[in-house]
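Here's a quick walk through how the copies and the DNA strands sit together. Have the model open while you read.

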Protein chains: 2
Amino acid sequence: MAAPQSPPQLSPRDREILRDVILAYILSAEPVSSRSVAKQGRLGLSAASIRNVMADLEEWGYLAQPHTSAGRVPTRAAYHLFIESLMQSRRLPARERRYIDEALPSTPGDAGQLMESATHLLSELSHQVGIVVTPALGETVLKAIEFLPLSGRKVLCVVVSADGFVDNKVIETEEALPREELVRIGNYLTENFAGTTLREIRARLLKLMAEERAQMDRLLARSIELARAGLSPEQGQGVLVDGTRAVLDQPELADIGRVRRMFETFADKARLVSLLSQCLRGNGVRVLIGDDSALTSELDFSLVATGYGVGERPLGALAIFGPSRMEYERVIPLVTYLGERLSRALAESFAGDARS
Amino acid sequence: MAAPQSPPQLSPRDREILRDVILAYILSAEPVSSRSVAKQGRLGLSAASIRNVMADLEEWGYLAQPHTSAGRVPTRAAYHLFIESLMQSRRLPARERRYIDEALPSTPGDAGQLMESATHLLSELSHQVGIVVTPALGETVLKAIEFLPLSGRKVLCVVVSADGFVDNKVIETEEALPREELVRIGNYLTENFAGTTLREIRARLLKLMAEERAQMDRLLARSIELARAGLSPEQGQGVLVDGTRAVLDQPELADIGRVRRMFETFADKARLVSLLSQCLRGNGVRVLIGDDSALTSELDFSLVATGYGVGERPLGALAIFGPSRMEYERVIPLVTYLGERLSRALAESFAGDARS
DNA sequence: CCCTAGCGCTCCCGCGACGAGAGTGCCAAA
DNA sequence: TTTGGCACTCTCGTCGCGGGAGCGCTAGGG
């Protein structure tokens, strides 16, 4: 088997044919024959001519055949080329944009809802798996923190971030604290730390504690204790996944082994997060195809991902996961638009922020 | 094909053999031959004798053969009989009890965590799908309600139920309210309505509103407005599902069509809830096998379910979902124990309730 | 009366052969 | 440079055939 030659400049006709093959394969999931491309009649060529070109394309490494005398299938290189320069339609159709705008709650209330809607939209509009990585709480900016007495030494800590995320957790204090004290602590923390990230708050509190260990007043001491517990950064970034059911219809998943491997991929949330975190920085969509990552190589799956955030601050990522044979022309604009839309929605809830 | 005779009293030997067949099938997932039962040598009988009994059992409707001259497979009736009277081991082994006790957070903080742990434990210990229906918020008893100002007219409403459930949602008021007013409203509502269910509170507020529409004072009016929005019973019962990945290993799911149908079952949460709600009342485990419900008939799947609650008040249900060929001897005690354990955990967090 | 050994029968399953169909590669002609 | 034609190759579904597993039945023994 000859090593794939480094591809020379592809002639316009080569590109045209490669494009047709890819489009046909995306549609049918079956090896594309020269005849079918010819019959489609986009360029007035016969099957034999197309065969010649396809043989060349195979030599360049853009096409492959599952076995002799079968049709051709695009390789990863072909998909990359397709996305880079063969693809048309860089913009999401207006009706889908409208659909998204309507489905995304315009006054999002809780940002968590926003995230869920976005995940669902991703999968619904692409018929693939939609993935959204929610912000690491430590990176969000504090807007307010509040403590409510429950029973005994249990205290409910409510953290509201400037981006609209609300998180609450039950913590246990060393001694029972009266309601008024809790309110004062909440006020103290909110007044002093609103506008900084939770991670930073933690760091500053620790420093404070170390410095004035001796002459700490009660309020400060209590505040530190509660804030440490309430702002504990244990909760890393969350991953929302939707649409696993829809993607079962793809012929790529006719084999159960693959279904199982796919679910194993999703089960390893930590790995997903670290993979997607790379897509945080740099605006624009990143596409991982097949061997680009161990995650997708075996399955012949792709990941189309982008980041979202407020201003320059990256917060999370969103992605579509599905067979490499994917409608990139639809999916890429979708991810792009939803990423922008999400950033905007968060920014707006941020802009409407009148410090209380 | 002869209609299955109504079974006479089964002799002890019949029961013994039926039991062996069921156990073997549960283990192997393959039709059980008379030879394999004989060779197991529990009773010193030859294959031929066992064949006779098995032929009888088939006539009574307890066994079936996929085709002539294949081994036998238990029917639904067999499973029911097995659960009723053939099964041994009515108690969960001590080590699993201990494992559960350790895994279940002893001071549960948020009851939501408790639910998630329980779901995971169900699937982990059974290698099937674990399902937990969380309480309908409307049925929970109010412990405290609190309002925090966000920005503009947005208010964060935090509802704490006596059973340890915490829920928060962002609502929008007609006009911006100062923080002190929000605190007073929260106090007013908490003082007047702690101890009653959210559903009842809503009803009473509506009645109040209708009665004194004219001379309502501001506080009451505001309270009603906020409580209506904050206690809106939209959020029905939630369903937690875990372990779909583990169950993919079952040979019953070698066919993708079944995998798809299984996921469709889970997608229809409303149906799941209504099915499981039947298991709320009446203590003890309920087992639905195959044709007992449209949900499972096609898949040959079973549902082992029980309810949990505090005192006489049923709150939710938990269940294990998997192939009818299921280790009932393990699974039933597991569901039972976890149901009790969950009820107890909720009751304890309830008992520790010192009104603040 | 119940159990057991033996025998014939039925059905599944894996294997190899075979033919149809689809697609390619190559060559010669326009 | 393109095209039509032809031979070649590979897959896939079908068929037939044995091997094997398991059952039903019956006759003989405790």
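## Ground rules

Two residues count as in contact if their C-beta atoms, placed from the backbone, lie within 7 Å. This is a predicted model, so local features need pLDDT of at least 70 and side-chain atom pairs count only at pLDDT 80 or more, while totals for chains, interfaces and linings use all residues. Residues are numbered from 1 along each chain as its sequence is written, and chains are lettered from A and ligands numbered from 1 in the order in which they are written.

## How the copies pair up

A turn of 180° with a shift of 0.0 Å along the axis lays chain A on chain B, at an RMSD of 0.0 Å (least-squares superposition on the C-alpha atoms of residues with pLDDT of at least 70 in both). The two copies are therefore related as by a two-fold rotation axis. In chain A, Ile256(A) comes closest to that axis, its C-alpha at 3.3 Å.

The copies meet through the same surface, because 100% of chain A's interface residues are also interface residues in chain B.

## Around strand D

DNA strand D is surrounded by 20 residues (near means a C-beta atom, placed from the backbone, within 6 Å of the strand). Ser49(A), Thr68(A), Ser69(A), Ser33(B) and Ser34(B) are the closest. Helix 3 of chain B gives the largest share of this surface, four residues (helices are DSSP runs of H or I, at least four residues, numbered from the N terminus).

## Around strand C

For DNA strand C, the nearest of 19 residues are Ser33(A), Ser34(A), Ser49(B), Thr68(B) and Ser69(B). Here helix 3 of chain A provides the largest share, four residues.

Terms used:
Helices (H or I, at least four residues) and strands (E, at least two) are DSSP runs, numbered from the N terminus.
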